[in-house]
Every structure is written in C-alpha cells, then in structure tokens.
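Visitor: I have a structure to look at and a few questions. Can we go through it together?
Guide: Yes, put it up and start wherever you like.

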Amino acid sequence: MSPETLVKSSPFSSAEFDEYVMSTYARFPLTLVRGSGCRVWDDQGREYLDFVAGIATCTLGHAHSAMIAAVTEQAQTLVHISNLYYNTPQGDLAKWLVEHSCADRAFFCNSGAEANEAAIKLARKYAHTVRNITHPIIITANASFHGRTLATITATGQPKYQQNFDPLVPGFHYVPYNDVEALKSAIADLDRNEPQVAAIMLEGLQGEGGVRPGDRAYFQTVRQLCDEKGILLIMDEVQVGMGRSGKLWGYENLDIEPDIFTSAKGLGGGVPIGAMLCKSHCNVFSAGDHASTFGGNPFACAVALAVCHTLERENLLANVQARGEQLRSGLIQLAQKFPHLISDVRGWGLIDGLELSSDSTFTAADIVKIAIEEGVLLVPAGPKVLRFVPPLIVTSEEIDRAIAAVDRALTTLN
Ligand SMILES: *Cc1c(COP(=O)(O)O)cnc(C)c1O
C-alpha cells in the first residue's frame with residue numbers, strides 16, 4: 001500500500017475514534033499516518049519533526065531500511081510458533097544481548113511492564129530459594145516508573161498511578177532517589193529482625209519521573225550494599241537502555257553492573273518486545289516458572305536483532321553522544337536566554353530534560369502544544385519537565401530545528 005492510499009483510507013475523526021476506543025489516554029489532536037527517518041506526517045499531510053519517537057522507542061526512526069528488510073524477510077519466513085519449540089532469531093538475539101552486556105541469560109516478553117514483572121518474580125524466587133526469606137521485600141525509588149500492571153504500579157513510586165487500584169501487591173518499599181542515607185536506614189529497618197530485603201530496583205536515570213540521572217556515587221554505594229547483604233540489584237533499562245544514554249546500557253554511565261536488568265522500549269525499534277536479563281548466579285528460573293505466549297517470537301526477535309546490528313554497524317552510540325551534547329548545549333543557551341523560566345537542563349545522550357522553574361506560569365504540556373503548531377513533536381515528563389527523546393539517528397540540523405521550536409514556544413509564553 002502506498003502512503004497516499006494509507007492517508008485516503010483513514011476514516012476516523014478523533015470524535016469517532018473516541019466512540020470506540022477507551023479513553024485511557026489524553027491524546028494530542030493529531031492522527032499520524034506515516035513516517036520516514038525523524039519525520040512523521042498527519043492525515044492532513046502536515047510534516048512534524050519527531051522528538052518523541054513513540055516515547056523513546058523508535059531507535060532507528062521511522063521506515064528504516066534495516067527494519068523494513070527484517071520485518072519483510074521474517075514475515076515471509078516465520079512469525080510465531082510459541083515457546084514449545086526452539087527458534088533461531090530468539091537464540092541469536094539472546095546471544096547478542098548477552099555478549100553486549102553484563103548478563104548471562106535472557107528471557108523474552110512483550111513490554112517493559114512484563115519485563116519488570118519477570119524481574120520481580122525472579123528476585124522473589126531467589127529470595128525464597130537461595131536466601132530462605134519468607135516475605136521478600138523489593139525496595140524502589142520515589143518518582144520511579146516501572147509499568148502499569150498491578151505489580152509494576154506497586155513498584156512505581158508515584159501514588160497517582162496507584163490510586164483506585166488497591167489492594168496493591170505486597171512486598172514493596174520506597175526510598176528517595178539518589179539518597180544513600182535513606183537507603184541505608186531503610187535496609188537496616190526492614191532487616192532489623194530477619195533479612196527481608198530481596199532486591200533494590202532502580203532506573204539509572206528516571207525517565208517518566210522527570211529525566212533525573214542517577215548519581216554515580218549513589219549507585220556505587222547501592223552496589224556495595226547489595227554485595228554485602230546478598231541483595232539483588234535490578235536496573236530498569238526500559239527507557240534508558242539500548243543506546244539512548246550514549247552507552248548501550250544506562251548502568252554503564254554509573255560504572256556498576258546489575259544482577260538483573262530489563263529492556264523494552266528501544267529494543268524492537270517500535271515492534272513490541274521486552275527482555276529480562278540476569279547473571280548466572282541469580283538465574284534460578286526452571287521450566288514452568290515463567291512464560292509468555294508471544295514472548296521471543298521469531299518476528300519480534302528478528303526485528304530487534306536488526307536494530308542491535310544497525311546500532312553497531314552505523315556506530316549510533318557516537319551519534320547519540322555528539323547529538324546529545326549538541327542538544328544539551330542548545331538547551332543551556334535557552335536557559336541563559338530565559339533564566340527566569342528554566343531551572344535545569346539535564347540528561348544523558350539522547351534522553352534529556354528541560355525543567356521549568358517553579359515560578360514559570362505554564363507547564364511543559366503548554367510548550368508541547370505550541371511546538372506541535374511549530375511542527376515539532378515533544379513529550380513532557382511530569383508537569384514541569386520537557387523531555388527530548390528523538391530517534392538515535394537524529395541529525396545535527398534536526399537538533400537545531402527542535403531547539404529553535406522550543407525557543408519560539410518560550411518566546412510566545414514568556
Ligand atoms: C515505559 C517504561 C516502562 C513500562 O514499559 P511498557 O512497555 O509501557 O510496559 C517501565 N519502566 C520504564 C523505566 C519505562 O520508561
């Protein structure tokens with residue numbers, strides 16, 4: 001089907017759409033019909049520069065030739081067989097991920113929340129079977145985000161995601177992020193009578209929670225505490241992993257290795273896939289412990305493998321680092337131009353945030369709305385943080401265009 005046919009065959013106004021689809025999302029009034037590179041087009045034929053990338057997901061942008069080739073070839077070969085049988089793309093992808101990370105084994109599923117569910121189950125089984133803990137507790141951070149299933153909204157340290165969905169899953173405890181003393185006293189408290197702390201689950205950089213990078217010194221101490229006490233360190237790499245931070249995995253920026261980590265968003269470049277990886281010492285799952293019908297199917301794995309190979313072949317990590325620096329220095333210039341509006345610029349690689357000062361009278365969503373009119377797609381991370389997560393193939397000229405659009409939006413709102 002040509003792009004033109006796709007545009008003409010789109011029959012839905014947003015009002016009609018809402019008659020059929022549940023209203024779980026507050027959508028921007030745009031219907032996007034096709035994409036190419038870092039650009040997408042709406043049903044009116046208007047072009048947008050895409051600095052959202054399906055929320056930090058479209059690693060290679062839209063309609064990348066490597067993805068088209070993998071999608072086409074695997075669709076013509078074998079899409080799905082279940083995990084009753086072996087399949088080559090799943091083995092190839094697991095091998096690539098193991099060879100390019102600190103982990104020894106991979107489990108595949110279909111999303112970030114599912115990958116975190118798998119990590120939570122693995123940590124609990126390890127606590128029960130290796131450490132004889134009867135009521136394992138997993139410590140997570142305030143302002144974290146780990147997904148929307150019951151266990152992962154419980155892991156998420158933000159009450160707004162939990163409200164009206166109680167009873168929540170037992171066995172979670174929250175601490176402030178980047179706060180060594182708070183973590184130490186939480187562990188001491190929870191383990192006072194008998195060991196209970198099974199795992200500490202953290203993002204190396206909190207994405208949804210406001211693009212907040214972890215402190216290197218904090219994570220060094222977290223790793224040390226885990227080693228001393230036999231606690232597992234789970235890193236949620238769903239948003240920051242797969243090259244987005246300028247390193248393949250976010251934890252590399254902190255000079256630590258987790259026992260378990262999870263990946264999803266960028267892994268499939270837009271095709272749904274999630275993965276939970278672990279080191280051998282905590283690989284306690286045996287046959288029947290965990291499963292997913294779709295997980296690791298040949299289609300999703302072949303596409304994810306193409307994304308991995310393209311990251312390597314096109315040396316995209318170097319681009320992420322260079323474009324990230326360009327983006328942050330452009331945003332810092334905006335902060336100098338509007339010192340009363342902007343309180344912070346931060347991030348790693350191509351996951352960056354612009355924080356509005358507390359006395360600015362507008363929100364990040366207000367900037368996003370104006371940027372859409374300017375032809376640039378952006379996404380907030382909380383009320384006061386504007387998030388920049390373009391495809392990892394973004395060019396220098398595209399970074400400049402995005403900064404110029406934010407400049408115009410700030411000028412309008414000022
Ligand atoms: C998006 C996200 C998730 C949830 O992923 P889904 O694929 O939406 O289930 C989990 N953790 C982090 C850090 C995320 O950014």
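**The ligand, the cysteines and a strand**

Visitor: How do the residues of the shell around the ligand divide into nonpolar, polar and charged?
Guide: There are three nonpolar, six polar and three charged residues in that shell. Here Ala, Val, Leu, Ile, Met, Phe, Trp, Tyr, Cys and Pro count as nonpolar, Asp, Glu, Lys and Arg as charged, and the others, Gly among them, as polar. This is a predicted model, in which local features need pLDDT of at least 70 and side-chain atom pairs count only at pLDDT 80 or more, while totals for chains, interfaces and linings use all residues. Residues are numbered from 1 along each chain as its sequence is written, and side-chain values use heavy atoms, with hydrogens and water left out.

Visitor: Which residues are around the ligand?
Guide: Among them are Ser111, Asn116, His146, Glu203, Asp236 and Lys265. To be listed, a residue needs a heavy atom within 4 Å of the ligand.

Visitor: And which helix gives the most to the shell?
Guide: Helix α6, residues 112-131, with three residues. Helices are DSSP runs of H or I with at least four residues, strands are E runs of at least two, and both are numbered from the N terminus.

Visitor: What lies 2.6 Å from an oxygen atom of the ligand?
Guide: A polar side-chain atom of Lys265. Polar backbone atoms of Gly112 and Ala113 are each 2.8 Å from a ligand oxygen atom. The protein covers 81% of the 390 Å² of accessible area that the ligand has on its own, by the Shrake-Rupley method with a 1.4 Å probe.

Visitor: New topic. How many disulfides does a search of the whole structure find?
Guide: Zero. A disulfide would be a pair of cysteine sulfur atoms within 2.5 Å.

Visitor: Why is Cys109 not bonded to Cys301?
Guide: Because their sulfurs are 10 Å apart, too far for a bond, although Cys301 has the closest cysteine sulfur to that of Cys109. For Cys301, the nearest cysteine sulfur is in Cys308, 9.9 Å away.

Visitor: Is Cys301 buried or exposed?
Guide: Buried, at 0% relative accessibility. Buried means under 20% relative accessible area, exposed over 50%, and partly exposed in between, with a 1.4 Å probe and protein chains only.

Visitor: What about strand β12, how many of its residues are buried?
Guide: Five of the five, residues 274-278, so β12 is largely enclosed by the rest of the structure.

Visitor: Which strands does β12 pair with?
Guide: Strand β4 joins β12 by five bridges and β11 by four, both antiparallel. Pairing takes at least two DSSP bridges. Phe107 has Met276 as its bridge partner in β12, and Phe261 stands opposite Leu277.

Notes:
Polar contact = N/O pair within 3.5 Å; in protein donor to acceptor, adjacent residues only side chain to side chain.
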